[in-house]
Amino acid sequence: MLSLIKNRQLVNSQLFINGHWISAADGQTFDVYNPFDHELLGKVADGGVEETEEAIVAAHTALASWQALAAIDRSRILKRWHNLVLENQEDLAILLTLEQGKPLTESRGEIAYGASYIEWFAEEAKRVYGDTIPGPQADKRTIVLKQPIGVVAAITPWNFPNAMITRKVAPALAAGCTVVLKPSEETPFSALAIAYLASEAGVPPGVFNVITTTQAAEAGEVLTSSPVVKKLSFTGSTAIGKLLMKQCADTVKKLSLELGGNAPFIVFNDADVDAAVEGAIVSKYRNAGQTCVCANRIYVQEAVYDVFVEKLKVATDKLRLGSGLNEGVNIGPLINEKAATKVEGLVKDALECGASLELGGHRFYSGSLLYLPTIITDARFEMKISSEEIFGPVAAVYKFETVDEVIRLANNTDAGLAAYFYGKDNALIWKVAEALEYGMVGINTGIISDAAAPFGGVKQSGFGREGSKYGLDDYLVTKYLSIKT
Ligand code: NAP
C-alpha cells in the first residue's frame, strides 16, 4: 500500500543520522503494519544503543555551526520546510493513515496542524529577545541573553505521528538546538518522511537525526544518561514520563513532559445542548478516541442529562467505521491489540459496576481493531473508566447536580491536561474556568489546539508548553552579563 505514495522520496526505512540514511549496524529491521487490515507496510531499520550514540555525536558536532547561523537564516530554512510539508500534504496524510489508521481527513488536518508549528517557530526564531536591566551601580550594566540549550532528545508517541514531532523539532531548531528524535515504533514512516523534507529544505546534516527502534528503553537510557544531551522533550504516557524524569536526574536535564490526560467535559443546565453534543463528538471520537485531550468523563447536569444522552446517541450512531483511506469513514482502527483489549476491559468493568450500555460496546467484528463508537451512561467515580485514560471511542456519561459538585469531581484526578465545559452564564463561566485544575480549558468548544496557544498540562500531565510565544523558552537557557563600564 505504500505504493499509494506518489513522491517516492518520502518513503524511507533507514535511520537518519548526520544527513545519511543508514541501516542498523547489526542489519536488524522491524515490521510496520497497517492497523486496519494488519497488512505489512514495510521493514524499518531497528537502531539500538550504538546508533543512538552515533546520532548524539552527530547532533553535538552540528551544534556549533547551527547555533552560529543568523536567526533569519534558520527562519528561512524552517519556512522552506513548512512549504515542503504542505506541498506533500496528501502523500504525508496517506502515509500517516496507513501506519496509524486515522481517517484521511484527520490525517490531512494533522499535516496542516503539524506544519503550522513549523511556520510559527520559523517566525519566532527571529524573536529570541533578551533584556537590559538597570544595573545595581552607576557603572554596572546587566544584560540578559537567551541561548540555545544544546543537543535535544525528543521522544514521541504514535497517536499524532507528525504533529507531535514538529511541535518539538521546530522550536528546537528555531532556537538553535540540534535534535535526536526517537519516534514510536508503531509510526516510523511519518517521522522519516518529515526528516527527509527537513533535509530537502536545507537543515544541515546532524541537526535533525531520527532513530527508529523497537528498543525504546535502551535508546531512552542512552539519551537520558548522555551528558551531551542537555534537554529531553517527551510526549507519551505518564508512567514512561516519570521513568524518564528519574533517568534524567543524574545529568540534571531540562525537561518538557507532555503526558496523559483525563479530560472532564461538563455540560451545564443552561448550555446549548446541540453545540455541546457537536463538541463532545469531535472531542471524544477524533482519532478513535486516541488523543491526550479526548473527553474522558462527560458530566451532564440533571436537567439536560436525558436530552443530551438522546442527542449524543443519534449523532454517535451516524459515525462510520472502516479503513481510514475510505471516503466518509469517521473512525479508524485502534493502534494495536493491547489498546483494543484495554478498551474492552474498561467497558466490561463499567458494566459490571452498574453502568448502562446505550450504544456499541464491542468490536466491529472478532479480531478487528475497529471498536464501535460506544456510549455508557450512569457512569460513576468508582469505575476504572473514570480514573484511566480510555484511549478508545467510548463516551462515559455521568450525571451531576451542582456546580461545586462537578468542579470537585472534575478535579479529582492526578491528570491536568485539558478540560471542557458548556454553559452560558457569565459568572458561571468565570468561576468554572478559574477553578478547573487543567493547563487548557475549552469553553463552549471541543477543539482547543492552535500553534499560537501554549499547549501543555499541570499536575501529573506534565510541564513545559508547546507552541505560542512561550514554546521557545523550553529550548533556551537564560544567561546574564554583569558588565562594569
Ligand atoms: P508511551 O508508551 O509512553 O510511548 C511514548 C514514546 O515513548 C514512544 O516513542 C515509545 O516508544 C517511547 N517509550 C516507551 N517506553 C520507553 C522507555 N522505557 N524509554 C524511552 N522511551 C520509551 O505512550 P503512547 O502509548 O505511545 O502514547 C499515548 C500516551 O501519550 C497517552 O497517555 C497520551 O495521553 C499521551 N499523549 C500526550 C500528549 C500531550 O501533549 N500531553 C499528546 C499525545 C499523547 P515505542 O512506541 O516504540 O514503544
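How far does a polar side-chain atom of Lys 182 lie from an oxygen atom of the ligand? The legends below start there. The model is predicted.

**View 1. Lys 182 at the ligand.** A polar atom in the Lys 182 side chain sits 3.1 Å from a ligand oxygen.

**View 2. Two glutamates beside ligand oxygen atoms.** For Glu 389, an N or O atom of the side chain is 2.5 Å from an oxygen atom of the ligand. For Glu 258, the corresponding separation is 3.3 Å. On its own, the ligand exposes 900 Å². The protein buries 88% of that area.

**View 3. The pocket that holds the ligand.** The ligand takes up the space of the largest pocket. Helix 5 (163-175) and helix 7 (216-225) each give two or more residues to the surrounding shell. So do strand 10 (229-235) and helix 8 (238-247).

**View 4. Residues of the ligand shell.** The ligand has 30 residues around it. Those that come nearest are Thr 156, Ser 184, Ser 237, Leu 259 and Glu 389. By class, 16 shell residues are nonpolar, nine are polar and five are charged.

**View 5. Two domains around one ligand.** Domain 1 (2-260 + 461-484) supplies at least three residues to the shell. Domain 2 (263-414 + 418-449) also supplies at least three.

Terms used. Residues are numbered from 1 along each chain as its sequence is written. This is a predicted model: local features need pLDDT of at least 70, side-chain atom pairs count only at pLDDT 80 or more; totals for chains, interfaces and linings use all residues. Side-chain values use heavy atoms; hydrogens and water are left out. A residue is near a molecule or strand if one of its heavy atoms lies within 4 Å of it. A polar contact is a pair of N or O atoms within 3.5 Å; within protein, one must be able to donate a hydrogen and the other to accept it, and residues adjacent in sequence count only if both atoms are side-chain atoms. Accessible areas come from the Shrake-Rupley method with a 1.4 Å probe; for residues, only the protein chains shown count as cover. On a 1 Å grid over the protein atoms alone, a cavity is a set of points where a 1.4 Å probe fits but cannot get out, and a pocket is an open set with protein on both sides within 12 Å along at least five of seven lines; lining residues have an atom within 4 Å of a point. A molecule sits in a cavity or pocket if more than half of its atoms lie within 2 Å of its grid points. Helices (H or I, at least four residues) and strands (E, at least two) are DSSP runs, numbered from the N terminus. Ala, Val, Leu, Ile, Met, Phe, Trp, Tyr, Cys and Pro count as nonpolar, Asp, Glu, Lys and Arg as charged, and the others, Gly among them, as polar. Domain bounds come from an automatic or database domain assignment.
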